[in-house]
Amino acid sequence: MNRAQRKQSRRPALKLKEAYRAPAWRTRRAQGVQILESCALENIPWLVHGFTLRPGGASVLDGKRVFNLGRTDWDTRENVLANRKKLLAALGAEKMLLVSQRQFHSALARVFDAPPVVALKGDAALTRTPGLLLAVLTADCVPILLVDTKRRAVAAVHAGWRGTLKRVAEKTLGKMRMTFGTRPRDVLAVLGPGIGRCCYEVGPEVAQAFHSQFAHAKDWFDGPFERLVSDDTPNPLQWLNMHPPGHQPPPPSVHLDLAAASRWQLESAGVPSANIFSSALCTACRTDIFFSHRAEFGKTGRLMGVVGIRL
Ligand SMILES: [Zn+2]
C-alpha cells in the first residue's frame with residue numbers, strides 16, 4: 001500500500017448523501033487501458049469498482065488491440081488472462097481474487113466468501129468478504145453493481161433481457177437483504193454501459209413476455225408495444241399472412257430499454273431513485289469504445305464490470 005492509499009483507507013466512511021451528490025462518470029487510464037468509474041462510488045474508501053472499455057489490452061480483433069475480458073472463439077486463454085491481470089493492476093487490486101461466473105441468463109444469485117475452485121453457473125454474485133472482486137461479463141447486456149454502504153456488502157449482476165424478465169436485479173437485492181441484512185435505502189446501484197433503447201430492437205415475443213410480467217412494461221418500450229401485446233393480434237404470423245406473398249412489410253418490432261426495467265425493479269424494492277446511476281452510453285452505438293454482440297453480429301469481445309471490498 002502506498003502513501004496515497006494509506007491516507008485514503010484512514011478516511012472515515014462516506015455518508016450516503018455525499019456519495020450521490022456527484023452522479024457523473026470518469027475514466028481512469030492505467031496500464032495502457034481505460035476503466036470507466038462512477039463518481040457516485042469513487043469516495044467510498046473500502047470499495048473497488050469499474051467497467052472496462054474496449055481499447056488497449058493484449059487481444060487483437062480486426063487488426064486492433066482490444067481489452068477482451070471473456071472467453072471467445074477468436075481469442076486465446078493467455079490473452080484473456082493477461083487482460084484480467086492488467087485490469088487488477090489498473091485498479092490497484094493485484095492482491096484481490098477475481099470471481100467470474102458462467103453466466104446463463106438466469107436470476108441465480110450466489111453468495112461468495114472465497115473464490116470457487118471451478119467457475120459456477122450464475123448471473124449475480126454477492127459478497128461481504130474483503131479481497132474478492134466480483135465480475136460480470138457483458139457485450140450489450142446491462143452490468144449492475146450494488147453497494148450496501150452501511151454493511152459493506154457488494155453485488156455484481158448480469159442483466160440481459162432474459163435475466164431482466166426474471167427480475168435478476170430485484171432478486172439479487174432480496175438476497176442481500178436476506179444474507180447481509182441490507183436495507184434498500186443504504187444501497188447505491190450503478191448500471192454500466194449496455195445496449196440502449198436507441199439500438200435494442202426486439203420482437204413481439206419479448207414485448208409479450210415483459211407485458212405478462214410487469215404492469216409498467218410499456219414504459220420501457222418504444223414503438224407499437226400496445227399493438228404487439230393486444231389480444232387482437234395474438235399471433236404476429238397471422239398479421240403477416242394478411243399480405244400477398246412478396247409484399248409483406250417487415251414484422252412489427254419495438255425497442256426495449258433494459259436499464260429502465262432494472263431501475264424500476266430496484267426502485268420498487270425500495271432503493272431511492274437518487275441512489276441509482278445509469279450510464280447513458282449505448283454499447284451498440286459506440287463500438288469504438290465498447291463491445292456489442294448485436295452491432296458486431298456476434299464477433300466481438302467481452303467487457304467486464306467489477307466490484308469488491310479492498311483487503
Ligand atoms: Zn444505441
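Which residues have the most contacts inside the largest nonpolar core? Here are some notes on that and on a few neighbouring features, kept in mind that this is a predicted model.

1. The core. The largest nonpolar core has 85 residues, and those with the most contacts inside it are Leu134, Leu146, Val147, Ala155, Ala156, Val157 and Ala189. At least three residues of this core come from each of domain 1 (3-199 + 271-309) and domain 2 (201-255). As general background, nonpolar side chains tend to be buried together in soluble globular proteins.

2. Ala156. I would have a look at this residue in your viewer. Leaving out residues up to four places away in sequence, Ala156 touches Ala124, Ala125, Leu134, Ala135, Val136, Leu145, Gly305, Val306 and Val307. Among these partners, Leu134 also appears in the list of core residues with the most contacts.

3. Strand β8 and its partners. Strand β8 (residues 124-127) pairs with β7 (residues 109-111) in parallel through three bridges, and with β11 (residues 153-159) in the antiparallel sense through four. Leu126 of β8 is a handy landmark: the bridge partner of Val111 is Leu126, and Leu126 also stands opposite Ala155 in β11. Side chains on β8 alternate, with Ala124 and Leu126 pointing one way and Ala125 and Thr127 the other, yet all of them are buried.

4. The six-stranded sheet. An open sheet of mixed pairing runs in the order β1-β2-β3-β17-β9-β6. Its edges are β1 (25-30) and β6 (97-100); each has a single partner strand, so one side of each is left without a neighbour in the sheet. On average, neighbouring strands here are turned by 30° against each other, direction ignored.

5. Inside that sheet. β3 (residues 47-52) and β17 (residues 303-309) are antiparallel and share five bridges. Phe51 stands opposite Gly305 in β17, and Gly305 is also one of the residues that Ala156 touches. Helix α3 (residues 77-90) lies across β1, β2 (33-38), β3, β6 and β17, at about 55° to β2.

6. Met304. Is this residue of strand β17 buried or exposed? Met304 is buried, because 26 other C-beta atoms lie within 10 Å, against a threshold of 20 or more. Apart from neighbours within four places in sequence, Met304 is in contact with Thr52, Leu69, Leu87, Ala135 and Leu137. Met304 and Leu134 are 170 residues apart along the chain, while their C-alpha atoms are separated by 9.8 Å.

7. Phe277. This residue sits in strand β16 (residues 276-278). Phe277 counts as buried because 21 other C-beta atoms lie within 10 Å, where 20 or more are needed. Its C-alpha is 10.0 Å from that of Leu41, although the two residues are 236 apart in sequence.

8. Helix α5. The 13 residues of α5 (residues 168-180) reach 18 Å from the first C-alpha to the last, close to the 18 Å expected at 1.5 Å a residue. Its buried residues are Val168, Ala169, Glu170, Lys171, Thr172, Leu173 and Met176; please note that Glu170 and Lys171 are on that list. After the helix comes Gly181, with a positive phi near 75°.

Methods
Residues are numbered from 1 along each chain as its sequence is written. This is a predicted model: local features need pLDDT of at least 70, side-chain atom pairs count only at pLDDT 80 or more; totals for chains, interfaces and linings use all residues. Helices (H or I, at least four residues) and strands (E, at least two) are DSSP runs, numbered from the N terminus. The expected span of a helix is 1.5 Å times one less than its number of residues. A residue is buried if 20 or more other C-beta atoms lie within 10 Å of its own, exposed if 12 or fewer, and partly exposed in between; C-beta atoms are placed from the backbone. Two strands pair if DSSP finds at least two bridges between them. Axes are lines fitted to C-alpha atoms, for helices over the stretch in contact, and angles run from 0 to 180 degrees between N-to-C directions. Two residues are in contact if their C-beta atoms, placed from the backbone, lie within 7 Å. A nonpolar core is a set of buried Ala, Val, Leu, Ile, Met, Phe, Trp, Tyr and Cys residues joined through C-beta atoms within 7 Å. Domain bounds come from an automatic or database domain assignment.
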